[in-house]
Amino acid sequence: MYAIIENGSKQYTAKVGDVIRFEKLNAEVGENVEFNVLLVSDENGIKVGKEVEGLKVVGKVLVQDKAKKVIIYKYKSKKGERRKHGHRQPFTAVEISEIVGL
């Protein structure tokens with residue numbers, strides 16, 4: 001059984017026990033968070049729309065961290081212009097604990 005959940009403008013596939021890395025959420029480590037359900041697939045088939053209106057996916061925040069550094073180089077030939085930038089995207093790791101309402 002799995003559910004398609006929505007966070008911001010992105011959608012994720014969630015199963016009980018999965019650890020999903022979301023863009024940074026405003027939640028403390030150890031806190032429970034809820035996500036809206038767009039689709040549920042189980043032994044009875046697929047449910048969408050009004051059938052999943054009252055369902056929620058609950059997860060526990062495991063860690064607030066930053067991803068591995070991405071290095072960006074910019075270079076313009078014959079101008080002596082070189083630029084090096086680094087970026088670490090913040091994320092929140094959430095362990096999916098249950099799908100509420102089934």
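# Strands, patches and a salt bridge

Colleague: K84 has its place in strand 8, residues 81-87. Why is K84 called what it is called, buried or exposed?

Modeller: This is a predicted model, in which local features need pLDDT of at least 70 and side-chain atom pairs count only at pLDDT 80 or more, while totals for chains, interfaces and linings use all residues. Residues are numbered from 1 along each chain as its sequence is written, and side-chain values use heavy atoms, with hydrogens and water left out. A strand is a DSSP run of E with at least two residues, numbered from the N terminus. Buried means under 20% relative accessible area, exposed over 50%, and partly exposed in between (1.4 Å probe, protein chains only). The relative accessible area of K84 is 57%, so K84 is exposed.

Colleague: Which residues form the positive surface patch, and what makes a patch?

Modeller: K24, K66, K69, K84 and R88 form the positive patch. Patch residues have over 30% relative accessible area and no salt bridge, with like charges joined within 9 Å and nonpolar side chains (Val, Leu, Ile, Met, Phe, Trp, Tyr) within 5 Å. Lys and Arg count as positive, and the place of the charge is taken as NZ of Lys or CZ of Arg. K84, at 57%, is over the 30% limit.

Colleague: Which residues make the nonpolar patch?

Modeller: V19, L62 and V63 make a nonpolar surface patch of about 220 Å², an area that comes from the Shrake-Rupley method. V63 has its place in strand 6, residues 56-66. With a relative accessible area of 32%, V63 is partly exposed, and 32% is over the 30% that a patch asks for.

Colleague: How do you know that strand 7 and strand 8 pair, and in what sense do they run?

Modeller: Two strands pair if DSSP finds at least two bridges between them. Strand 7 (residues 70-76) and strand 8 have seven bridges, in the antiparallel sense, so the rule is met. I71 stands opposite G86 in strand 8. The hairpin of these two strands has four residues between the strands, and K78 is found in that loop. The phi of K78 is near 65°, a positive value in a residue other than glycine; at 80% relative accessibility, K78 counts as exposed.

Colleague: How many salt bridges are there, and which side chains meet in a salt bridge?

Modeller: The count comes to one salt bridge. The rule asks for a side-chain nitrogen of Lys or Arg within 4 Å of a carboxyl oxygen of Asp or Glu. The side chains of K10 and E23 meet at 2.6 Å, N to O, so the pair satisfies that limit. K10 lies in strand 2 (residues 10-14) and E23 in strand 3 (residues 19-23), so the pair ties together parts that are 13 residues apart in sequence. K10 is partly exposed at 38%, and E23 is partly exposed at 41%.

Colleague: What makes I5 buried or exposed, and where is I5 found?

Modeller: I5 is found in strand 1, residues 2-7. At 0% relative accessibility, I5 counts as buried, because 0% is under the 20% limit. The C-alpha atoms of I5 and L38 are separated by 5.7 Å, although the two residues are 33 residues apart along the chain. N32, by contrast, lies in strand 4 and counts as exposed at 53%; its C-alpha atom is separated by 36 Å from that of I72, 40 residues apart along the chain.

How values were computed. Areas by Shrake-Rupley, 256 points an atom, 1.4 Å probe, with all protein chains shown as cover.
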